[in-house]
Amino acid sequence: MLASPAVTERLRTSFAPLDSPVGDDVLAATVFSHEAGTLTQHPGGAIANVQDPRCMRIGLADLTGAGLAEVWRGNGPVRFGTAGSIRYVENGDYLAGWLDLDEARYSGLVETTEAAYAALLGFHASSAYPHVWRIWNYISAINDGAGDEERYRLFCVGRARALAAVPAAGPGIGYPAATAVGNPSGARILRLSWIAAREPGLAIESPRQLSAYHYPRRYGPASPSFSRAMLAPGGLLLVSGTASIVGHETRHEGDPVSQLHETLDNLHALIERACATGSFRNTRLGADSLLRVYLRHHEDRMAVEQVLRTRVGSSVPTLILGADICRSGLLVEIEAVHRLER
Ligand code: 3EB
(Lines give C-alpha, C1' and ligand atoms only; values in the text may rest on other atoms or scores of the structure.)
Protein backbone atom coordinates (compact mmCIF):
# COMPACT_ATOMS: atom_id res chain seq x y z
CA MET A 1 0.00 0.00 0.00
CA LEU A 2 1.21 3.47 -0.80
CA ALA A 3 2.00 5.82 2.01
CA SER A 4 -0.19 8.89 1.99
CA PRO A 5 1.73 11.76 0.43
CA ALA A 6 3.31 14.33 2.69
CA VAL A 7 1.23 17.42 2.92
CA THR A 8 3.48 19.61 0.78
CA GLU A 9 3.26 17.20 -2.09
CA ARG A 10 -0.20 18.65 -2.29
CA LEU A 11 1.16 22.18 -2.63
CA ARG A 12 2.80 23.05 -5.94
CA THR A 13 3.84 26.22 -7.61
CA SER A 14 4.78 26.99 -11.19
CA PHE A 15 4.88 29.75 -13.77
CA ALA A 16 2.04 29.53 -16.25
CA PRO A 17 0.90 31.57 -19.25
CA LEU A 18 -1.65 34.22 -18.42
CA ASP A 19 -4.29 32.62 -20.58
CA SER A 20 -4.05 29.21 -18.92
CA PRO A 21 -7.37 28.00 -17.63
CA VAL A 22 -7.72 28.24 -13.85
CA GLY A 23 -8.54 24.89 -12.33
CA ASP A 24 -10.54 24.69 -9.14
CA ASP A 25 -7.32 23.61 -7.37
CA VAL A 26 -5.69 27.04 -7.83
CA LEU A 27 -5.09 28.86 -4.55
CA ALA A 28 -3.43 31.95 -5.95
CA ALA A 29 -2.17 33.36 -9.22
CA THR A 30 0.16 36.32 -9.13
CA VAL A 31 0.27 38.37 -12.32
CA PHE A 32 3.20 40.70 -12.54
CA SER A 33 2.77 43.24 -15.25
CA HIS A 34 -0.02 45.77 -15.53
CA GLU A 35 0.40 45.70 -19.30
CA ALA A 36 -2.18 43.03 -19.68
CA GLY A 37 -4.01 44.00 -22.82
CA THR A 38 -3.56 40.58 -24.34
CA LEU A 39 -5.30 38.57 -21.66
CA THR A 40 -8.93 38.27 -20.60
CA GLN A 41 -11.93 36.69 -22.27
CA HIS A 42 -11.33 33.01 -21.81
CA PRO A 43 -14.68 31.37 -21.28
CA GLY A 44 -13.57 28.98 -18.57
CA GLY A 45 -11.68 31.75 -16.80
CA ALA A 46 -8.02 32.48 -17.45
CA ILE A 47 -5.34 32.96 -14.83
CA ALA A 48 -5.17 36.66 -15.51
CA ASN A 49 -8.85 37.19 -15.00
CA VAL A 50 -9.62 40.36 -13.11
CA GLN A 51 -12.88 38.90 -11.90
CA ASP A 52 -11.25 35.94 -10.20
CA PRO A 53 -10.33 36.71 -6.59
CA ARG A 54 -7.37 34.37 -6.92
CA CYS A 55 -5.78 36.59 -9.53
CA MET A 56 -3.60 39.14 -7.82
CA ARG A 57 -1.93 41.82 -9.88
CA ILE A 58 1.41 43.17 -8.78
CA GLY A 59 2.50 45.91 -11.13
CA LEU A 60 6.15 44.88 -11.17
CA ALA A 61 7.60 44.94 -14.68
CA ASP A 62 8.14 41.46 -16.04
CA LEU A 63 11.57 41.96 -17.62
CA THR A 64 11.66 38.54 -19.23
CA GLY A 65 8.53 39.56 -21.13
CA ALA A 66 7.26 36.01 -21.06
CA GLY A 67 3.84 36.98 -19.73
CA LEU A 68 3.77 34.42 -16.97
CA ALA A 69 1.88 34.22 -13.71
CA GLU A 70 3.08 32.44 -10.58
CA VAL A 71 0.42 29.89 -9.74
CA TRP A 72 0.02 28.07 -6.42
CA ARG A 73 -2.06 24.92 -6.51
CA GLY A 74 -3.27 22.45 -3.96
CA ASN A 75 -5.40 19.36 -4.19
CA GLY A 76 -9.11 19.60 -4.47
CA PRO A 77 -11.45 22.53 -4.91
CA VAL A 78 -10.88 25.81 -3.14
CA ARG A 79 -13.29 28.00 -1.24
CA PHE A 80 -13.24 31.79 -1.09
CA GLY A 81 -13.70 33.97 1.93
CA THR A 82 -13.18 37.42 3.40
CA ALA A 83 -12.48 38.57 6.93
CA GLY A 84 -12.42 42.35 7.34
CA SER A 85 -9.79 43.60 4.89
CA ILE A 86 -8.49 40.09 4.23
CA ARG A 87 -9.42 38.04 1.19
CA TYR A 88 -8.53 34.40 1.20
CA VAL A 89 -8.73 31.14 -0.67
CA GLU A 90 -8.52 27.85 1.23
CA ASN A 91 -8.66 24.16 0.49
CA GLY A 92 -8.55 22.42 3.87
CA ASP A 93 -4.73 22.18 3.97
CA TYR A 94 -3.61 25.63 2.85
CA LEU A 95 -4.79 29.17 2.77
CA ALA A 96 -3.62 31.91 0.41
CA GLY A 97 -4.52 35.35 1.71
CA TRP A 98 -3.95 38.94 0.81
CA LEU A 99 -4.86 42.42 1.90
CA ASP A 100 -4.31 45.98 0.73
CA LEU A 101 -4.24 48.82 3.22
CA ASP A 102 -4.37 52.42 2.06
CA GLU A 103 -1.80 54.42 4.00
CA ALA A 104 -4.00 57.52 3.73
CA ARG A 105 -6.33 55.94 6.29
CA TYR A 106 -3.61 55.68 8.93
CA SER A 107 -1.28 58.20 10.48
CA GLY A 108 1.80 56.71 8.83
CA LEU A 109 3.44 53.62 7.44
CA VAL A 110 4.29 52.31 10.93
CA GLU A 111 0.60 52.36 11.83
CA THR A 112 -0.48 50.96 8.48
CA THR A 113 1.92 48.07 8.80
CA GLU A 114 0.97 47.42 12.39
CA ALA A 115 -2.71 47.31 11.40
CA ALA A 116 -2.01 44.99 8.46
CA TYR A 117 0.00 42.56 10.57
CA ALA A 118 -2.43 42.74 13.47
CA ALA A 119 -5.21 41.79 11.04
CA LEU A 120 -3.19 38.95 9.56
CA LEU A 121 -2.04 37.57 12.91
CA GLY A 122 -5.44 37.97 14.54
CA PHE A 123 -7.11 36.17 11.69
CA HIS A 124 -4.70 33.24 11.77
CA ALA A 125 -4.67 32.91 15.54
CA SER A 126 -8.23 31.64 15.38
CA SER A 127 -8.22 30.02 11.95
CA ALA A 128 -7.77 26.41 10.89
CA TYR A 129 -4.47 27.52 9.30
CA PRO A 130 -2.48 28.90 12.22
CA HIS A 131 0.95 28.54 10.56
CA VAL A 132 1.89 31.42 8.30
CA TRP A 133 4.71 30.07 6.19
CA ARG A 134 5.51 32.82 3.77
CA ILE A 135 4.64 36.50 3.33
CA TRP A 136 5.23 38.90 0.46
CA ASN A 137 5.33 42.55 1.49
CA TYR A 138 4.84 45.13 -1.26
CA ILE A 139 5.67 48.59 0.07
CA SER A 140 5.19 51.81 -1.90
CA ALA A 141 8.22 54.11 -2.16
CA ILE A 142 10.13 51.58 -0.09
CA ASN A 143 13.42 53.52 -0.08
CA ASP A 144 12.02 57.02 0.47
CA GLY A 145 13.10 58.79 3.64
CA ALA A 146 16.52 59.14 5.23
CA GLY A 147 18.08 57.13 8.03
CA ASP A 148 15.55 55.73 10.48
CA GLU A 149 12.78 57.48 8.52
CA GLU A 150 13.39 55.31 5.50
CA ARG A 151 10.07 53.70 4.70
CA TYR A 152 11.38 50.16 4.78
CA ARG A 153 12.58 50.82 8.33
CA LEU A 154 9.19 52.25 9.30
CA PHE A 155 7.62 49.12 7.89
CA CYS A 156 9.95 47.00 10.05
CA VAL A 157 8.89 48.95 13.16
CA GLY A 158 5.18 48.39 12.46
CA ARG A 159 5.69 44.71 11.73
CA ALA A 160 7.75 44.20 14.88
CA ARG A 161 5.10 45.96 17.00
CA ALA A 162 2.32 43.73 15.73
CA LEU A 163 4.40 40.59 16.19
CA ALA A 164 5.41 41.61 19.70
CA ALA A 165 1.73 41.72 20.64
CA VAL A 166 1.33 38.04 19.73
CA PRO A 167 3.24 35.75 22.07
CA ALA A 168 3.18 32.77 19.68
CA ALA A 169 5.00 34.64 16.92
CA GLY A 170 8.73 35.11 17.08
CA PRO A 171 12.11 33.65 16.31
CA GLY A 172 11.69 30.80 18.76
CA ILE A 173 8.63 29.59 16.86
CA GLY A 174 9.89 30.74 13.50
CA TYR A 175 9.00 33.91 11.74
CA PRO A 176 7.53 33.38 8.30
CA ALA A 177 9.79 33.45 5.29
CA ALA A 178 9.36 36.78 3.52
CA THR A 179 10.07 39.17 0.74
CA ALA A 180 9.88 42.95 1.07
CA VAL A 181 10.05 44.88 -2.18
CA GLY A 182 8.57 48.01 -3.72
CA ASN A 183 4.93 48.34 -4.64
CA PRO A 184 4.86 50.35 -7.86
CA SER A 185 1.22 51.39 -7.51
CA GLY A 186 0.90 55.17 -7.62
CA ALA A 187 -1.19 55.38 -4.46
CA ARG A 188 0.49 54.44 -1.21
CA ILE A 189 -0.91 51.00 -0.68
CA LEU A 190 0.66 48.42 1.58
CA ARG A 191 -0.04 45.00 0.17
CA LEU A 192 0.61 41.74 1.97
CA SER A 193 0.05 38.34 0.47
CA TRP A 194 0.80 35.08 2.17
CA ILE A 195 0.55 31.31 2.34
CA ALA A 196 -0.55 29.65 5.58
CA ALA A 197 -1.14 26.04 6.48
CA ARG A 198 -2.71 23.70 8.95
CA GLU A 199 0.68 22.23 9.80
CA PRO A 200 3.79 24.06 11.02
CA GLY A 201 6.90 24.46 8.89
CA LEU A 202 10.46 24.67 10.13
CA ALA A 203 12.27 28.02 9.95
CA ILE A 204 15.75 27.76 8.44
CA GLU A 205 18.55 30.30 8.91
CA SER A 206 21.62 30.88 6.76
CA PRO A 207 25.20 29.82 7.54
CA ARG A 208 26.45 32.92 5.66
CA GLN A 209 24.09 35.55 7.01
CA LEU A 210 23.19 36.81 10.42
CA SER A 211 19.53 36.15 11.12
CA ALA A 212 17.69 39.28 10.01
CA TYR A 213 15.95 39.47 13.39
CA HIS A 214 19.42 39.91 14.91
CA TYR A 215 20.60 42.70 12.61
CA PRO A 216 22.32 45.42 14.63
CA ARG A 217 20.80 48.82 15.36
CA ARG A 218 22.48 50.60 12.46
CA TYR A 219 19.95 49.10 10.03
CA GLY A 220 16.99 50.58 11.84
CA PRO A 221 15.11 50.79 15.16
CA ALA A 222 13.49 47.36 14.69
CA SER A 223 15.25 44.47 13.06
CA PRO A 224 13.39 42.70 10.25
CA SER A 225 11.09 39.92 11.47
CA PHE A 226 11.49 37.10 8.97
CA SER A 227 13.25 33.77 8.58
CA ARG A 228 15.62 33.03 5.72
CA ALA A 229 13.44 30.14 4.62
CA MET A 230 10.52 28.00 5.69
CA LEU A 231 10.80 24.25 5.22
CA ALA A 232 7.32 22.86 4.86
CA PRO A 233 6.59 19.31 5.96
CA GLY A 234 7.40 16.98 3.08
CA GLY A 235 10.26 19.13 1.81
CA LEU A 236 8.94 22.18 0.01
CA LEU A 237 11.47 24.91 0.78
CA LEU A 238 10.18 28.47 0.61
CA VAL A 239 13.21 30.74 0.43
CA SER A 240 12.91 34.38 1.45
CA GLY A 241 14.20 37.22 -0.65
CA THR A 242 17.95 36.72 -0.61
CA ALA A 243 20.47 39.40 -1.46
CA SER A 244 24.13 40.33 -1.38
CA ILE A 245 24.38 40.47 2.39
CA VAL A 246 27.09 38.57 4.23
CA GLY A 247 26.80 38.59 8.00
CA HIS A 248 24.73 41.74 8.14
CA GLU A 249 26.67 43.87 5.65
CA THR A 250 25.75 44.74 2.10
CA ARG A 251 28.48 43.49 -0.24
CA HIS A 252 29.52 44.80 -3.68
CA GLU A 253 27.75 48.13 -3.53
CA GLY A 254 27.15 49.39 -7.07
CA ASP A 255 28.10 46.11 -8.77
CA PRO A 256 25.04 44.09 -9.83
CA VAL A 257 26.95 41.12 -11.23
CA SER A 258 29.02 40.62 -8.09
CA GLN A 259 25.88 41.08 -5.99
CA LEU A 260 24.22 38.37 -8.02
CA HIS A 261 27.13 35.97 -7.46
CA GLU A 262 27.04 36.66 -3.73
CA THR A 263 23.27 36.21 -3.71
CA LEU A 264 23.55 32.85 -5.45
CA ASP A 265 26.21 31.78 -2.96
CA ASN A 266 23.79 32.70 -0.17
CA LEU A 267 20.95 30.87 -1.85
CA HIS A 268 22.96 27.69 -2.31
CA ALA A 269 24.32 27.78 1.23
CA LEU A 270 20.78 28.12 2.54
CA ILE A 271 19.51 25.21 0.47
CA GLU A 272 22.42 23.09 1.68
CA ARG A 273 21.61 24.00 5.26
CA ALA A 274 17.96 23.04 4.72
CA CYS A 275 19.02 19.75 3.14
CA ALA A 276 21.28 18.95 6.08
CA THR A 277 18.50 19.82 8.52
CA GLY A 278 16.09 17.28 7.12
CA SER A 279 18.48 14.69 5.59
CA PHE A 280 17.48 15.73 2.10
CA ARG A 281 19.86 15.31 -0.78
CA ASN A 282 19.04 17.49 -3.78
CA THR A 283 20.82 20.74 -3.20
CA ARG A 284 20.70 21.79 -6.84
CA LEU A 285 17.95 23.92 -8.27
CA GLY A 286 16.06 22.10 -11.01
CA ALA A 287 13.14 22.16 -13.37
CA ASP A 288 10.61 22.09 -10.54
CA SER A 289 12.30 24.86 -8.61
CA LEU A 290 11.18 28.44 -9.12
CA LEU A 291 13.09 31.71 -8.97
CA ARG A 292 11.80 35.25 -8.75
CA VAL A 293 14.65 37.66 -9.40
CA TYR A 294 14.02 41.27 -8.41
CA LEU A 295 16.18 43.80 -10.19
CA ARG A 296 16.41 47.45 -9.18
CA HIS A 297 17.75 48.71 -12.52
CA HIS A 298 16.08 47.25 -15.57
CA GLU A 299 19.18 47.86 -17.65
CA ASP A 300 21.07 45.21 -15.66
CA ARG A 301 18.85 42.49 -17.05
CA MET A 302 21.14 41.14 -19.78
CA ALA A 303 24.15 40.92 -17.49
CA VAL A 304 22.03 39.19 -14.88
CA GLU A 305 20.56 36.75 -17.38
CA GLN A 306 24.02 35.79 -18.52
CA VAL A 307 25.18 34.97 -14.99
CA LEU A 308 21.96 33.06 -14.32
CA ARG A 309 22.49 30.97 -17.45
CA THR A 310 25.97 29.90 -16.40
CA ARG A 311 25.35 29.47 -12.68
CA VAL A 312 21.75 28.29 -12.52
CA GLY A 313 21.08 26.97 -16.03
CA SER A 314 18.17 27.54 -18.32
CA SER A 315 16.11 24.62 -17.02
CA VAL A 316 15.20 26.45 -13.81
CA PRO A 317 12.00 28.49 -14.26
CA THR A 318 13.00 32.09 -13.62
CA LEU A 319 11.15 35.37 -13.71
CA ILE A 320 13.05 38.64 -13.64
CA LEU A 321 11.01 41.51 -12.22
CA GLY A 322 11.84 45.18 -11.97
CA ALA A 323 11.48 46.17 -8.31
CA ASP A 324 12.92 48.35 -5.61
CA ILE A 325 14.61 46.38 -2.85
CA CYS A 326 14.60 47.12 0.86
CA ARG A 327 18.18 48.35 1.34
CA SER A 328 18.96 51.10 -1.13
CA GLY A 329 22.41 49.62 -1.82
CA LEU A 330 20.97 46.32 -2.97
CA LEU A 331 20.53 45.95 -6.72
CA VAL A 332 19.28 42.38 -6.96
CA GLU A 333 17.35 39.98 -4.76
CA ILE A 334 16.22 36.41 -5.42
CA GLU A 335 13.49 34.34 -3.81
CA ALA A 336 13.04 30.67 -4.52
CA VAL A 337 10.82 27.68 -4.11
CA HIS A 338 12.70 24.40 -4.13
CA ARG A 339 11.43 20.90 -3.55
CA LEU A 340 13.77 18.84 -1.38
CA GLU A 341 13.87 15.09 -1.77
CA ARG A 342 15.24 12.31 0.36
C1 3EB B 1 17.89 41.09 3.75
O2 3EB B 1 18.38 39.98 3.68
C3 3EB B 1 17.36 41.65 2.46
O4 3EB B 1 12.01 42.59 5.68
O5 3EB B 1 10.71 40.97 5.10
C6 3EB B 1 14.73 40.21 2.28
C7 3EB B 1 13.59 39.45 2.54
C8 3EB B 1 14.87 41.43 2.90
C9 3EB B 1 12.61 39.91 3.43
C10 3EB B 1 11.76 41.60 5.00
C11 3EB B 1 13.90 41.89 3.77
C12 3EB B 1 12.77 41.13 4.05
O13 3EB B 1 17.88 41.78 4.78
C14 3EB B 1 16.05 42.30 2.61
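Strands S8, residues 94-102, and S11, residues 189-197, run antiparallel and are joined by nine bridges. Helices and strands here are DSSP runs, H or I of at least four residues for helices and E of at least two for strands, numbered from the N terminus. Two strands count as paired if DSSP finds at least two bridges between them. One residue to look at is Tyr 94, which stands opposite Ala 197 in S11.

Before going on, this is a predicted model: local features need pLDDT of at least 70, side-chain atom pairs count only at pLDDT 80 or more, and totals for chains, interfaces and linings use all residues. Residues are numbered from 1 along each chain as its sequence is written, and side-chain values use heavy atoms, with hydrogens and water left out.

S8 and S11 belong to an open sheet of six strands with mixed pairing, in the order S6-S7-S8-S11-S9-S10. S6, residues 79-83, and S10 are at the edges with a single partner strand each, so one side of each has no neighbour in the sheet. From one strand to the next, the twist averages 15°. Angles run from 0 to 180 degrees between N-to-C directions, with axes fitted to C-alpha atoms, for helices over the stretch in contact. Helix H2 lies across S9, S10 and S11, at about 145° to S9.

Now the second sheet. This open sheet has seven strands, again with mixed pairing, ordered S4-S18-S17-S19-S14-S13-S12. S4 (61-62) and S12 (202-204) are the edge strands, each pairing on one side only. S17, residues 290-295, and S18, residues 318-322, pair in the parallel sense over five bridges. Helix H4, residues 301-311, packs on this sheet and touches S17, S18 and S19, contact meaning heavy atoms within 4.5 Å. The direction of H4 makes about 155° with that of S18.

Last, the ligand. Which residues come nearest? Of the 14 around the ligand, they are Tyr 152, Arg 159, Tyr 215, Arg 228 and Cys 326; near means a heavy atom within 4 Å. A polar side-chain atom of Tyr 152 is 2.5 Å from a ligand oxygen, and one of Arg 159 is 2.7 Å from a ligand oxygen. The protein covers 100% of the 360 Å² of accessible area that the ligand has on its own, by the Shrake-Rupley method with a 1.4 Å probe. H2 (151-164) and S10 (177-183) each supply at least two residues of the shell, and S10 gives the most, with three.

Definitions and conventions:
A polar contact is a pair of N or O atoms within 3.5 Å; within protein, one must be able to donate a hydrogen and the other to accept it, and residues adjacent in sequence count only if both atoms are side-chain atoms.
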